Amino acid sequence: MLMNKFFHPLSFILIITAIISCQNNKIVNPETVSIYVDSPQPKKEVVTQATYKIDYDKEIVVRKVFVIDRKGLELKQQPDENSETLGRYEFGTQVEVIEDGREWLGIRERINRNYEKEDGTKVESSQWEKVYVSKQKTGGIEEIVLVPEDLIIITSISVNNQSEFFEKGSPLKGQLGIELIDKKLFDSKKNSEINFLLADTTVIKKENGIIELPVQNKTLKIIDKPEEGDYREEFRYVGQVEFLNQYLIAGSYYESMDYRFLDKTSGKETQVFGEYPHISPDKKNIICIYGNPYESTSDLELYSINNQQIKLMMSASFNKWMPTNDPTEIFYSADGYLYLAVIHFKAFWGERPDLKPKKQFIRIKIL
């Protein structure tokens with residue numbers, strides 16, 4: 001029975017929608033604002049919990065913009081550079097504008113505050129407020145782009161079953177070379193694409209939820225489980241890789257998907273991949289790359305091929321870019337590079353039918 005599961009962004013749009021809502025309202029490294037009023041001072045204005053509070057539902061969003069300053073963007077209490085700083089957004093964050101001024105934008109954001117009442121009681125609160133950001137440091141989604149140093153930043157890596165995690169990100173050292181390229185080069189390399197998959201899907205078909213694969217002295221049956229909820233399993237025959245003697249099967253589950261190699265002789269499962277396995281032109285390696293919507297990362301797996309034996313060499317999560325969902329925009333070329341189209345992970349969450357992020361192109365070389 002095929003039970004292993006991997007996350008994939010196409011499998012659960014509703015979850016992504018919920019995540020988008022959280023991403024758009026997130027303050028990066030917010031500062032807790034402490035406002036204390038000495039008592040008694042009856043002539044001095046007392047700042048209370050309601051002083052800056054707004055009604056979220058009554059505020060009309062004029063438009064949405066993105067932070068385009070790579071150093072980030074400060075949130076100010078008032079439209080004034082000398083006003084109190086309440087927090088900071090990082091590059092690429094999408095914010096909702098409720099007041100459009102000449103130099104400043106009023107936005108709605110949830111702010112954490114500490115207050116002290118006149119009787120000395122301390123109050124902690126988290127409430128929606130109108131705060132201000134510099135207009136010149138915001139722009140459209142098309143301005144959220146990757147730079148070369150973004151490409152190698154990882155949050156985790158695993159080599160030989162030894163894992164490391166980097167909360168603030170760390171450059172990948174060795175293993176892979178990754179570089180930005182232009183669309184012209186990307187398109188030209190498409191003409192020399194190398195693909196070892198024999199897509200004989202007209203020969204092997206699924207009928208009544210069953211895929212029948214001929215193996216030595218028997219027929220291997222792969223059967224769908226179309227139940228609702230956690231137990232749903234549906235499979236698709238993709239093709240075969242003859243030099244590896246493997247069938248390739250795609251599996252779709254309740255909240256995930258995967259690809260699997262099945263030995264054409266024994267029928268046994270030999271390897272499970274998180275995404276489509278791209279085989280290098282020299283037949284020595286496999287790379288899989290898939291976007292993880294829970295972590296907003298591109299999770300990459302690198303395998304070696306030796307005498308038809310496949311072994312996981314390294315896996316890593318890249319936290320600045322995500323692949324597009326178009327399977328035609330990732331391929332191996334005869335020059336030994338894996339080519340793919342990507343977008344900045346912050347722009348990924350801002351995509352709408354009328355708002356498209358800037359697509360960029362990279363290539364990856366095994367070192």
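K264 lies over the face of Y247, 5.8 Å from the ring centre. A charge is taken to sit over a ring if NZ of Lys or CZ of Arg is within 6 Å of the ring centre and within 35 degrees of the ring normal. Another such contact involves R108, whose charged end sits over the ring of Y56 at 3.7 Å from its centre. The model is predicted, so local features need pLDDT of at least 70 and side-chain atom pairs count only at pLDDT 80 or more, while totals for chains, interfaces and linings use all residues. Residues are numbered from 1 along each chain as its sequence is written, and side-chain values use heavy atoms, with hydrogens and water left out.

Y56 also leads to the aromatic pairs, of which a search of the whole structure finds twelve. The ring centres of Y56 and W128 are 4.5 Å apart with the planes at 45°, so this pair is tilted. Rings of Phe, Tyr and Trp (its six-membered ring) pair if their centres lie within 6.5 Å; planes under 30 degrees apart count as stacked, over 60 as edge-to-face and the rest as tilted. The pair bridges distant parts of the chain, 72 residues apart: Y56 belongs to the loop between β1 (33-35) and β2 (63-67), and W128 to strand β7 (residues 122-134). Helices (H or I, at least four residues) and strands (E, at least two) are DSSP runs, numbered from the N terminus. Y56 is partly exposed at 26% relative accessibility, whereas W128 is buried at 15%. Here buried means under 20% relative accessible area, exposed over 50%, and partly exposed in between (1.4 Å probe, protein chains only).

A further tilted pair is formed by F186 and F361, with ring centres 4.6 Å apart and planes at 40°. F186 lies in helix α2 (residues 183-190) and F361 in strand β27 (residues 360-366), 175 residues apart. F186 is buried, with a relative accessible area of 5%, and F361 is buried as well, at 7%. Ring pairs join these two residues with F331, Y337 and Y339 into a cluster.

Turning to the strands, an open sheet of three has the order β13-β14-β15 and antiparallel pairing. Two strands pair if DSSP finds at least two bridges between them. The edges are β13 (206-207) and β15 (218-223), each pairing on one side only. Two bridges join β13 to β14 (residues 210-215), and E207 stands opposite I210 in β14. Two residues separate the strands of this hairpin, where N208 takes a positive phi near 55°. On the other side, six bridges join β14 to β15; V215 has K218 in β15 as its bridge partner. This hairpin also has two residues between its strands, and N217 in the turn has a positive phi of about 65°. In a regular strand, side chains alternate between the two faces of the sheet. For β14, the covered face holds I211, L213 and V215, and the uncovered one I210, E212 and P214.

Over the whole protein chain, the secondary structure comes to three helices and 27 strands. Of its 367 residues, 46% count as buried. Among contacts (heavy atoms within 4.5 Å) between residues at least 6 apart in sequence, 60% join residues at least 24 apart. The chain exposes about 19800 Å², with carbon and sulfur atoms supplying 48% of it; accessible areas come from the Shrake-Rupley method with a 1.4 Å probe, and for residues only the protein chains shown count as cover.
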